[in-house]
Each structure stands twice: as C-alpha cells, then as structure tokens.
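Thanks for coming. Please have a look at the next model, and then I will go through its contacts.

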Number of protein chains: 2
Amino acid sequence: MRHTTINDIARQLQLSPSTVSRALRDHPDISRVTKEKVLALAAATNYQPNLIAQSLQTRRSNNIGVIVPEIRNTFFSTVISGIEEVAYEAGYTIMVCQSNDTYEREVVNTRALAANRVAGLLVSTSQETVDFAHFRVLMDQGIPVVLFDRVAEDLAVSKVIVDDFDGAYAAVAHLIVTGRRRIAHLAGSPLLYVSRKRCEGWQAALRDHGLSVPEEYLVRGGCHEEDGRRGMQRLLALPERPDAVFCINDPVAIGAFLCLREQGVAIPGEVALVGFSNNPNTALVTPRLTTVNQPAFDIGRQAALLLLQHFSGEQAVAPQTIVLKTELIIREST
Amino acid sequence: MRHTTINDIARQLQLSPSTVSRALRDHPDISRVTKEKVLALAAATNYQPNLIAQSLQTRRSNNIGVIVPEIRNTFFSTVISGIEEVAYEAGYTIMVCQSNDTYEREVVNTRALAANRVAGLLVSTSQETVDFAHFRVLMDQGIPVVLFDRVAEDLAVSKVIVDDFDGAYAAVAHLIVTGRRRIAHLAGSPLLYVSRKRCEGWQAALRDHGLSVPEEYLVRGGCHEEDGRRGMQRLLALPERPDAVFCINDPVAIGAFLCLREQGVAIPGEVALVGFSNNPNTALVTPRLTTVNQPAFDIGRQAALLLLQHFSGEQAVAPQTIVLKTELIIREST
DNA sequence: CTGAAAGCGCTTACAG
DNA sequence: CTGAAAGCGCTTACAG
C-alpha cells in the first residue's frame, strides 16, 4: 500500500541509501554482487524510482508541457500524437492542456505547467493571444518554449510552421487557372499569424493575376465549422455571389460545405471550395474537397525534436524556425 | 534565469521559510502585514510554487495519468478533451500517453506514470491486453485506476462504459425491421470486452428474430479504417453477399464505406451500413451513415469525475461502473 | 567499493 | 504571530 523507497531497500540489505542509488543507476563503482542484490530486491518489491524526488534533486524534469486550443480537433490531436511519439522515444512524458482558444486559460495553463517545472513547453496559441509575456516568464526561468502552427511573430523562440502564404497562394492560383474570377476568402482572426499569412496569399494571388474582388468577399470569423457555415451564409446573401471560396482551414471549409449542401448549391458547379490542412474528412465528403496539405503529425514530431535540442544544448540554443512544405491536394471541389 | 524559491523570499524579507510558506498559503496565523509583504515580493519576482517539491513533501500529486490506444482518433481525443476539462476545473493536469494498441507500450506507459507518481490513472486498454497485472501494481500502491470504453472485465476498478450490447442490438434490430436478412458483422478483436459485447448484441438480435447467417458473415479484424476496408472486401467476395453490415465502430464503418464506394456498390440499395460511436465524419459522407451514438466527451468527464471521487475518499471507495446510454442515430445508410 | 553528509524546495508539527 | 527542526525520496561531491 506504499511505494518502496531506496531507504527501504537499503535497510533490508544493510546498505547505505547512496550505494543503493548507485547500484540502481548502474554506477561503475559498485560491485557486481551488490548490484545484483539491489536489483533483485528492487524487482521483488516493485520498486519504482520516485521521479518527483529525482526531479527535485537533479532540477531536471522528464515532462514536456503542451498547450493547444482544443484537443478534440483533428489537426491538434494529430500534432499531439506526433509530439508524444518523439517524447516517448526520448523518455519524456507529455502534459497536455487546452486553452479553449482563450487567452485567459492559456495563461493559467502556462503557469500550471511552469509550477510543474516542465522541461519545456510546446504551444499553439489561442486566437485571442496578442501578449506573450506569460511565455517570456518561463523563458527567463530557463524553460525553453517552442511554438507550432499558431506562432507569435515577434517572440524569439523556435517555431515550426508551414509555408502558409505559399499554400494559400497555390490554392487561389489554382482556382484562377481553373477559370474562377470571384474568389472569396473565409478568413480567421487577424490576430493569428497563420490567418494573416493565408489571407495575404489569397490577396497576392488575386493581385498577381490582375483580379480584384469586392471587399465583402473577405469575411472574417473564427476557425471552427460554425464559422464556416456563418461565413458561407453571408457570402450566399451577397448580390453577386462568389464563384469560389478559399477557407482559412478545413473545419471552416467543412462548415461552408455543409451550408452549400443544405442550400442545394452545386460544388464545384456554382461554387468551388478549397480548405487548408488536409484533415481526413475532407476526402470523405462528396465531392471530395480540394485542400492544402499540412503535415500535422510531422509538425508535432519536428516541434518536439526542436525542443529536445534545446534541452541538450549546454547554453541557450539559438531559436530557429522550421518551415514545412504544404502541398495543394486537388480533388473534386474545384 | 532561476526560479524564485521560498527561501529567496524569506531571506529578502528577513523571515523564516516557514512563515513565507504559511503566508503564501494564506494561513490564518500569519499577520496581515506579513502576508502582504510576502505576496507582493512573490508577485514581483514571478514566484511560482514548485509543485515538484510540494508533491514530494505532501505525497500528493496534482497530475492524472491518461493512457489511450491512439491520441489521434476522434473518439479518444474527444474523451481526452472531456477528461482535461474536468481535471482543469479540479486543479489537475493530465499526462497523456498512447499505447499504439500494443500491450508492451501500455505497460511501459503505466510504469512511467507510476514513476511520475500520478494521483490516479485513466485508461482505455490496448487491443492486445489480456493481463492486467501492471494496473494491479499501481492499485496496490494506492494509485486509483479508472477504466473507460475498453475495460478489463475482471479487474475490480471503477469503469465508464456504454451499453454496448444494447447499442449493437438496437442497430441490428433496426436493420432487420427495415427488411435486411443477410446481416454481416465486421467485428474487432475478441480480446476486447466492447468487441465481444457488440458481437453478442449482433448475434442476439439475429437469434431473437429467427435469423441465422453463415459463419463467414462474422469477420474479425482490428478497429481501424484499414480493417474495415479489408473486411468489406472479404464480404464482397462471398458467393452470397450480405445485404447489410454492422461494424464494430465508425473507423471500420468508414473503411467499409470507402470500399463500397470504390467498388460502386450502392448504399443502402445493395448493402446497408451501420457504424458505432457517432464520430462526426459519419454525418459527413454521402450517404450519411447510421451509427450508434457514444457520448465520447461525457465518457471522459465521467471517468475523470469518478477518479476524483477516489481521491477525496478517506479510505478506498468501492469500485463502481457507470454505464452511459447509447442511442441509435438513423441516417441514410440504412 | 561503500558510506555520511548535505541539499533540492517545500510543509508542518512543535515551541515559544 | 513567528521560527527551528525534521523530513518527503532522491543524488552526488567528499572521504575513507
């Protein structure tokens, strides 16, 4: 009913705790006989080293903190899977928090993770976050922070992102090449870097092809399915409907898709639709949606790998930004 | 570059660490003036209590361990979301591991979480797990374990499950009532309790309605999309094809759906299809799939709530099993 | 090859 | 109202 400790083993074997500790960690000084005795008793008593005590003593933690807007969101849960894989291989455990896309909870989560003395922090910020002081506090305390997907432009930390601008540009260029002229954009919060970049990609593609569209074709909303529905509804109510819609991400595209389906608007006949992320369900709907692939699992892996580098570095490793390639997946909605 | 400690504050304020500790925790003994001074300095120096040290001292942890087969799987990520919500409200952080559906990794994860001295463990077992000794070790050490969805029948722990038998029965009865007679089942591993129960529900419904089907209509596989594809392929190759298929879960149903779509088999015209879980994407495909709703988010919440009860109990709380209701969601695939 | 001692950052009886 | 002391379970110089 209680955990066996090093002291328990030491007492039973008439050894000092120091010796037991060393035997357990296979220290070269300790004799084979002693090691064997210790190991045998440890196994027999189900000894589990107390990582809490170990962490306190060594001031090193084997936990990595992760903050995402929402765990149940295919993109983020896939990223977390990737993070967990790398963490597991390196002997770390992940502590996962969700901000529910609010700044307040993100701050609370950050503090909680700091109090838990995580070795490092992996985060994708909430869509409300404009002040990054809560991360700076951790960094000042020597806890490395790595941002992924939703990053802070002016925070000097390592980041893993995709070429959002290029991905958006390619998607919109594809729409233009396939004959679309009135291309609307269901955008996200302008506070989000990814949101701005994708919007810029849309604008640049239009401009480069000599197209101009009415202001109302830029509809700002959130990043969820509901926002896609609402945004699409607004677009459909316009005097001159767009003939194509580029969406900030796949949940929004799915929302737009559902709205179109309900209204009986033909895809791609009347309106072409493009998403962003390549969530599995975009390949499930009919017509299958054209989207921009974002390697979610790999984003998680790379972010974790980057964080691991910061751990090993003797002194502070210079922040670096990894930009993963997107890829336009052309399917049936365009 | 270092965390402020209670000792730092004590030194600067010419107080003893004990007093600072008490002031921080708002102990009634401490004078208002002292409290204010301590709190002010704590805020100014970004003091974050070291939960590691606190845990070691109090032998209480504020972490909850979670093990699921796979984080990126809508059902599990939704459950985790529910767990996180309850944990957050109660001041706990969750440590999430994935077993990748292997017994070996589940054991390693369990040990790692035990070493981290989590306050309790929430787990959905791997499909290989038949030996539950690794959980017993934790329980013997006073760490409560709560199982959800994929549970161990004969382990005396609290559990959160759904009425799998009833859900399966209702689904198959619905198929029969709507005129189907050759109803196959894409089953999961017989090692899994949920898998057995759903299979039994299928059998019971057939029997109660005086139907018998050829042995080949029971196809055993895994729980993933790929398994659904493969299983469906086998069913289609049969001399007498089934006119309906009840799937162990939605990923398998989606796999079966994709196989049918590729082969040009009409749903529900030639083959009716029913899934289990009510994953969001079942409502996205065309035709939309009939499925059995499993309240994933609520399963997570209930499991976490149950675990919380075990924490508060003075002595060991008796294990209890919460059975949540499923609901047949009839859509267009039947 | 082994042990005594100190300490990681905290809490909490026990004194005063 | 405040402090000295002990201790949670470990590790690691320092001795021997």
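A note on naming before the DNA: helices (H or I, at least four residues) and strands (E, at least two) are DSSP runs, numbered from the N terminus. The model is predicted, with local features requiring pLDDT of at least 70 and side-chain atom pairs pLDDT 80 or more, while totals for chains, interfaces and linings use all residues. Residues are numbered from 1 along each chain as its sequence is written, and chains are lettered from A and ligands numbered from 1 in the order in which they are written.

DNA strand C, then. Helix H4 of chain B gives the largest share of the surface near this strand, five residues. Near means that the C-beta atom, placed from the backbone, lies within 6 Å. There are 26 residues around strand C, and those that come nearest include A:Ser18, B:Ser18 and B:Ala53.

DNA strand D also has 26 residues around it, A:Asn50 and B:Ser18 being among the nearest. Here the largest share, five residues, is from H4(A).

Now the protein contact. Chain A and chain B put in 42 residues each, where contact means C-beta atoms, placed from the backbone, within 7 Å. On chain B, the elements giving two or more residues include helix H5 (74-89) and strand E2 (93-98).

What does E2 of chain A pair with? Its partner is E2(B), in the antiparallel sense over three bridges; pairing requires at least two DSSP bridges between the strands. A:Ile94 has B:Val96 as its bridge partner.

Methods:
Two residues are in contact if their C-beta atoms, placed from the backbone, lie within 7 Å.
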